[in-house]
Amino acid sequence: VIRAVAKTAMMRGWDVIGVEDGYEGLIRGRFRRLGPADVSGLLTLGGTILGTSNTADPYRYAQVRSGRVVLADVSRRLLRNARGAGLDALILIGGDGTLASAAKLQRDGLPVVGVPKTIDNDLRGTDVTFGFDTAVGIATEAIDRLHTTAQSHHRIMIVEVMGRRAGWIALYSGVAGGGDVILIPEVPYRIEAIAAKVRERRRRGKLFSLVVTAEGAKPVGGRPVIRKLVARSADPVRLGGVGFVLAEALEKAAGAETRAVVLGHVQRGGTPSAADRILATRLGDEAVRLAAEGSFGRMVAVRGGDLTSVPLEVPGQGPRLVPVDHPLIAAARRIGTGFGDEG
Ligand code: F6P
């Protein structure tokens, strides 16, 4: 997206300034002039050449005062820095938290265009976010590789993928990788239902099973597994570890040796897929077009394959969850995939 934004803006004769480390750089005034050479060769790179921060929120910025962490509103400082750097428009790439703050900055006088970014694919207002396709590809490859041990050792293998609130990565990679059970936050599971699926497969001569779980999967009436709290973050809860909890319980309930693998940030790294490169190019180009026509306060979005835009407030209105009657869930159920809620 940075490449596409910078290239198309430069073609229009605009000056392009990169902000280092997201809101952190805007708050601290860390700007970097970008030229053609800076944005060349980026297509094959993941991450961002500018750096990022997922803890800096200009309206709730963590500062240590008298030995205590307090959350302060430093948006005025940010707006001063943006004016000082001569910014006429800010193209902001991020997830729900980033874009919710962007909506406030727009109201406070900074002309902003947002671009939706998260591997979780859970942003309201757009059918797809960039990063998702790459993450699904990596998770699918991992599932393929885990099949080897599952099959050879007659085991249950559990692979935990990202997805705190929405199970898009688990659903898509689970279907693509042929997971026997897919667990997503939107469909709470019962261990007995998963164990029943494993036993049913065994009766049919399939001595192994593969379970794909989103990190946010939770049992009926229960909560997701929290790995840690990040005090400085506006959204402090970090999930992780449901795979191990499931492994313990399933080993007993299904009577089969079970192993769990947590993919974690592997899903966020490396070379982007072709589909993500194409999407990023389209989103970046469209963001500059919106800025050129003065359509600020909007997020570029994809609807049914076409580009559109929605107000910046939309992605902040809660996560875009997988509908429990999603056609892909229905199709997966029809081919015999379990979702941990059967029976
Ligand atoms: O929002 C994207 C996401 O990848 C989540 O799926 C995951 O829980 C979280 O970020 C991890 O955040 P961090 O890198 O800060 O631990």
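Let me start with the largest nonpolar core, which has 30 residues, and in which V159, V161, I169, A170, I184, L210 and F339 make the most contacts. Please keep in mind throughout that this is a predicted model. Several elements build that core, since at least two residues each come from α5 (132–153), β7 (156–161), α6 (168–176), β9 (209–214) and α10 (327–334). Of these, α5 gives the largest share, namely eight residues. As general background, nonpolar side chains in soluble globular proteins tend to be buried together.

To see what this looks like from one position, take L210, which, if we set aside its neighbours within four places in sequence, is in contact with I143, L146, H147, A150, M157, V159, G179, D180 and V181. There is also a second core, separate from this one, with 27 residues, among them Y61, V74, L78 and L79.

Now to the ligand. Which residues surround the ligand? They are N54, T118, I119, D120, M162, G163, R164, E215, R238, H265 and R268, and by character this shell divides into five charged, four polar and two nonpolar residues. Three side chains deserve a closer look here: an N or O atom in the side chain of E215 lies 2.6 Å from an oxygen atom of the ligand, the corresponding distance for N54 is 2.7 Å, and for H265 it is 2.8 Å. Taken on its own, the ligand has 400 Å² of accessible area, and the protein covers 84% of that.

T118, which we have just met in the ligand shell, leads us to T129, a residue in the loop between β6 (112–116) and α5. The side chain of T129 reaches the backbone oxygen of T118 at 2.6 Å. Is T129 buried or exposed? Its relative accessible area is 1%, and because buried means under 20%, T129 counts as buried. Beyond residues up to four places away in sequence, T129 touches P116, K117, T118, N121, L123, D276 and L279.

Finally, I would like to turn to helix α1, which spans residues 2–11 and whose buried residues are I2, A4, V5, A6, T8 and A9. What do the buried residues of α1 pack against? Their partners are the strands β1 (16–19), β2 (31–34) and β5 (90–94), together with the helix α9 (274–292). After α1 comes G13, which has a positive phi, near 85°.

Methods
Residues numbered from 1 in each chain as written. Predicted model: local features only at pLDDT ≥ 70, side-chain atom pairs only at ≥ 80, totals over all residues. Heavy atoms only, no water. Near = heavy atom within 4 Å. Polar contact = N/O pair within 3.5 Å; in protein donor to acceptor, adjacent residues only side chain to side chain. Areas by Shrake-Rupley, 256 points an atom, 1.4 Å probe, with all protein chains shown as cover. Nonpolar A, V, L, I, M, F, W, Y, C, P; charged D, E, K, R; others polar. Core = buried A, V, L, I, M, F, W, Y, C linked by side-chain atoms within 4.5 Å. Buried < 20%, exposed > 50% of the residue type's maximum accessible area, 1.4 Å probe, protein only. Helix = DSSP H or I, 4+ residues; strand = E, 2+ residues; numbered from the N terminus. Contact = heavy atoms within 4.5 Å.
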